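Me: I should like to learn how to read a protein structure together with its nucleic acid partner. May we go through it one feature at a time?

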Amino acid sequence: MTALLLQSMTRHFSLEAKQGHARAGILITRHGTLETPAFMPVATKATAKYVEPRELVEAGTQAVISNAFLLSLKPGHELIKKAGGIHKFMNFDRVIFTDCGGFQMLREGIFVSTKPQGIVFKSPYTGKEALITPEEIMAIQADLGSDVAMVLDYVAPYGATIEQVKEAATISNRWAEWSLHSDAAKKSREEGQLIFAIVHGGIYPEVRKSHAAYLARWNFDGYSIGGLSIGEPPEKMFPALEAALSELPEDKPRYLMGLGSPLEILEAVKRGVDIFDSAYPTQTARHNSLMTRKGIIKISSPKYAEDFSPVDETCDCYACKNFSRAYIHFLSKVNEPAGKQLKSIHNIRFLQKLVSDARRAIIEGSFDEFFESFKASFKS
RNA sequence: GCCCUGGUAGUGUAGUCCGGUUAUCAUGAAGCCCUGUCGAGGCUUCGACCCGGGUUCGAAUCCCGGCCAGGGCG
């Protein structure tokens with residue numbers, strides 16, 4: 001333990017166990033630790049929709065990810081800095097990641113154009129266009145005071161040609177370097193903020209590989225894998241993921257951005273991913289898809305109208321311990337916010353339990369069995 | 001008893017004056033989808049002209065009668 005702590009103090013991340021490529025590790029941040037594999041609910045606008053911080057914690061959440069670009073537009077990073085940082089502002093004292101905004105390139109209505117020096121975005125609030133640069137987004141994240149900041153990346157949509165993807169990955173890597181060497185990043189790093197690079201390359205393994213290898217040469221605190229689970233089929237995603245992972249340093253955390261379905265999370269854990277985030281559990285929860293050990297159920301279906309059992313017999317979440325399928329079905333039918341809250345809490349808890357069970361299994365050396373058993377009962 | 005309005009999916013409605021494709025839209029119901037900016041979102045399907053008669057090639061639409069609802073007069 002002492003050795004682990006010493007190691008952590010210098011490295012921020014340490015591996016506790018490995019089984020095959022699957023890893024159990026600990027990321028140390030200035031707001032506590034993140035035991036990996038870990039799943040982060042999305043709190044884009046400094047809140048997880050319908051779920052309060054205490055409920056996130058109760059569901060086993062160690063970290064959330066917020067969006068630096070959107071917060072910089074409203075309420076403004078200066079205001080959040082004035083509030084004492086994002087942790088105080090949203091009253092979440094655990095780990096907070098911030099995303100840079102690069103992903104918003106995929107959003108029509110926000111994305112305008114790219115330039116060599118950054119991305120031109122249009123504010124969804126005011127329509128005002130502004131160029132955001134890698135250096136600026138690091139300064140914004142420094143102001144927000146998040147524990148882990150993402151460099152600005154250039155995201156190519158699924159369906160982009162290999163030339164476009166190469167271009168996107170090359171620009172992403174250039175920006176990652178600029179970000180790392182920016183004054184804001186240097187200073188915030190000294191203050192304990194961690195900086196993650198983002199690997200691109202679309203669905204092309206060779207592009208993933210070369211660009212991951214390039215980023216691996218720099219001393220980032222962790223590596224994100226971006227531009228996946230944006231519509232491509234699993235047969236294309238996993239080879240690309242494997243290619244990226246193969247070039248990333250073992251002793252740094254790997255974060256697969258945007259993946260949130262249970263089986264895919266386990267597939268990625270098996271390949272060596274440590275951290276996940278996704279709106280999937282909360283978005284689909286509001287739209288009535290609930291995860292259970294036996295698969296996903298649609299709670300709005302008439303078959304649950306008189307089902308007085310919990311959503312999942314094996315779940316220990318607030319919703320399952322206190323409410324029936326019939327009640328949550330009813331709340332869904334009448335569109336009550338409380339239903340959205342209970343459903344979101346359940347799905348978050350489901351994924352938190354999934355990754356912590358996976359972690360335990362890796363430590364115990366039983367990950368393969370755990371995965372097989374999960375796969376056998378979870379019919380998607 | 002008389003007069004005036006008005007009856008269109010489960011609900012709310014457009015169309016009616018001036019007759020003409022598969023009758024509009026919303027909501028609802030059933031099913032599918034959602035993955036680093038998550039909207040009470042997207043897609044598919046289902047579902048109605050109050051009843052009866054008349055005019056007409058053709059009626060939700062025009063005419064007559066009935067029933068029902070609201071208003072007025074007695």
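Reply: Let us begin with the contact surface. The model is predicted. Of the 46 residues around RNA strand B, those that come nearest are R107, G226, G258, A279 and Y280.

Me: Which elements give two or more residues to the surface near RNA strand B?

Reply: They are strand 5 (63–67), strand 14 (275–278) and helix 12 (280–286). Helix 12 gives the most to this surface, with five residues.

Me: How do the residues of the surface near RNA strand B divide into nonpolar, polar and charged?

Reply: A residue is near the strand if its C-beta atom, placed from the backbone, lies within 6 Å of it. The residues of this surface comprise 18 nonpolar, 19 polar and nine charged.

Me: Let us turn to a sheet. What is the order of the three strands in the open sheet?

Reply: The order is 1-2-3, and the pairing is antiparallel. Strand 1 (13–19) and strand 3 (32–36) are the edge strands, each pairing on one side only. On average, neighbouring strands of this sheet are turned by 10° against each other, direction ignored.

Me: How many bridges join strand 2 to strand 3?

Reply: Strand 2 (residues 22–29) is joined to strand 3 by five bridges, and the two run antiparallel. As one example, I28 has T33 in strand 3 as its bridge partner.

Me: Which helix packs on the sheet?

Reply: Helix 15 (residues 337–364) does, touching strand 1, strand 2 and strand 3. The direction of helix 15 makes about 115° with that of strand 2.

How values were computed:
Residues are numbered from 1 along each chain as its sequence is written. Chains are lettered from A and ligands numbered from 1 in the order in which they are written. This is a predicted model: local features need pLDDT of at least 70, side-chain atom pairs count only at pLDDT 80 or more; totals for chains, interfaces and linings use all residues. Two strands pair if DSSP finds at least two bridges between them. Helices (H or I, at least four residues) and strands (E, at least two) are DSSP runs, numbered from the N terminus. Axes are lines fitted to C-alpha atoms, for helices over the stretch in contact, and angles run from 0 to 180 degrees between N-to-C directions. Two residues are in contact if their C-beta atoms, placed from the backbone, lie within 7 Å. Ala, Val, Leu, Ile, Met, Phe, Trp, Tyr, Cys and Pro count as nonpolar, Asp, Glu, Lys and Arg as charged, and the others, Gly among them, as polar.
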